[in-house]
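Here is a brief report on one structure. A helix comes first, then the ligand site.

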Amino acid sequence: MEKKRMISGITTTGKITLGNYIGALKNFVDLQDDFEMYIFVANLHGITLPIDKETLRKNIKETVALYFACGLDPTKSNIFIQSDIAEHAELAWVLTCNTTLGELQRMTQFKDKSNKVKSDNGTEFIPTGLLMYPVLMAADILLYDASFVPVGKDQKQHIELARSIAERMNNKYGEMFKMPEEYHPKVGAKILDLQDPTKKMSKSSLNSKSYIALLDNIEEVKKKIKSAVTDSENLIKYDLENKPGVSNLITIWSSLANLAIEKIEKMCEGKDYGFLKENVTNVVVSLLEKIQSKYNEIYNSDDLEKWIESGTLNAKKAASKKLRKVYNLTGLNYKRK
Ligand code: AQP
């Protein structure tokens, strides 16, 4: 039976975090046997907010090497860099012309991120790219006839927009896009900020103690977990609303050790937060040591470039076929009816 396609990517805005791993990468690895995967490094999304070119270069290479180091298999998954496939930007323009300003201004992420720019930098300079982000994301998805897009809660609105644009264009020009569905991984955990567990862990956070990066120095990681914010109750119980810090540590342990939350609660009966943190440290350190060792092995290898080349070739084939269809059906290609 033909495998269904799935597409996803990680934005090159910073160091890949444990949140990105648990919420995205780990699931991609688990899914690669069952789906035809297209996983890209979202560097065009990575410039929606200002970033200097050296950091961007470094982030792109780090991200792609980490994909493989985390277990994505080049014989099963197509890995590529978004800007290497020009069709993403080309299709995004056609979609832009079929999207309204109101639709984009309503996006919660746009409102949040533009407010953050204002408060962090005290500037009114909001790049238009921030507004257009969801259209580029719609192009990423629709270009590959993806059946499924793994999403966290924060991206739900963007998938709905991609579906609306696809439906609008299919009605206007004839069937050209497959309707993408959201895919909710079995472990859809949202990993929280270690210093402010009311927020999600983010790689663009200004406080490096707030997140664990997959390439962090191991001694630093131990310190970060030790200083993770909990509460004064000293009771190990999963209660996201009242005990977000403790619940977050339980989630990390549960996800990395494949243990049910109830089982962890049982193991922790009568124990203190030191015990919880020690166990979380053990699972995180063991994971990071494995990833970092593989990462160091492949970072400068010819294999890395070969794997990207083969993923790019497959992605290019699929993307150019779809864009040709769009150009034919919209009349942009004047030679074809
Ligand atoms: N804290 C998180 N917990 C679980 N999943 C997460 N993801 C991100 N943070 C967490 C998932 O990682 C994938 C890639 O996300 P992205 O880089 O494209 O954008 P993002 O969601 O905005 O990630 P960040 O780390 O918060 O980046 P910045 O700081 O640049 O905004 C997605 O599948 C996401 O759900």
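## After helix H5

This is a predicted model. Just after H5, Gly 122 adopts a positive phi of about 60°.

## Helix H5

Helix H5 covers residues 108-121, 14 residues in total. At 1.5 Å a residue, the helix should span 20 Å. Its end C-alpha atoms are 20 Å apart, so the expected and modelled spans agree.

Which residues of H5 are buried? They are Gln 109, Phe 110, Ser 114 and Val 117. Viewed down the axis of H5, these buried residues fall within an arc of 120°, so they line one face of the helix. Their packing partners are three helices: H4 (101-105), H6 (128-142) and H7 (156-173).

## The shell around the ligand

The ligand has 19 residues around it. Of these, Thr 11, Thr 13, Ser 202, Lys 203 and Ser 204 come nearest.

Strand E1 (5-11) and helix H1 (18-31) each supply at least two residues of this shell. H1 gives the most, with four residues.

## Polar contacts and burial

Two contacts involve the protein backbone and a ligand nitrogen atom. A polar backbone atom of Ile 191 is 2.8 Å from a nitrogen atom of the ligand. For Met 201, a backbone N or O atom lies 2.9 Å from a nitrogen atom of the ligand. Lys 200 uses its side chain: a polar atom there lies 2.8 Å from a ligand oxygen atom.

How much of the ligand does the protein bury? Taken alone, the ligand exposes 640 Å², and the protein buries 92% of that.

Key: Residues are numbered from 1 along each chain as its sequence is written. This is a predicted model: local features need pLDDT of at least 70, side-chain atom pairs count only at pLDDT 80 or more; totals for chains, interfaces and linings use all residues. Side-chain values use heavy atoms; hydrogens and water are left out. The expected span of a helix is 1.5 Å times one less than its number of residues. Buried means under 20% relative accessible area, exposed over 50%, partly exposed in between (1.4 Å probe, protein chains only). The arc is that of the directions from the helix axis to the C-beta atoms. Contact means heavy atoms within 4.5 Å. A residue is near a molecule or strand if one of its heavy atoms lies within 4 Å of it. A polar contact is a pair of N or O atoms within 3.5 Å; within protein, one must be able to donate a hydrogen and the other to accept it, and residues adjacent in sequence count only if both atoms are side-chain atoms. Accessible areas come from the Shrake-Rupley method with a 1.4 Å probe; for residues, only the protein chains shown count as cover.
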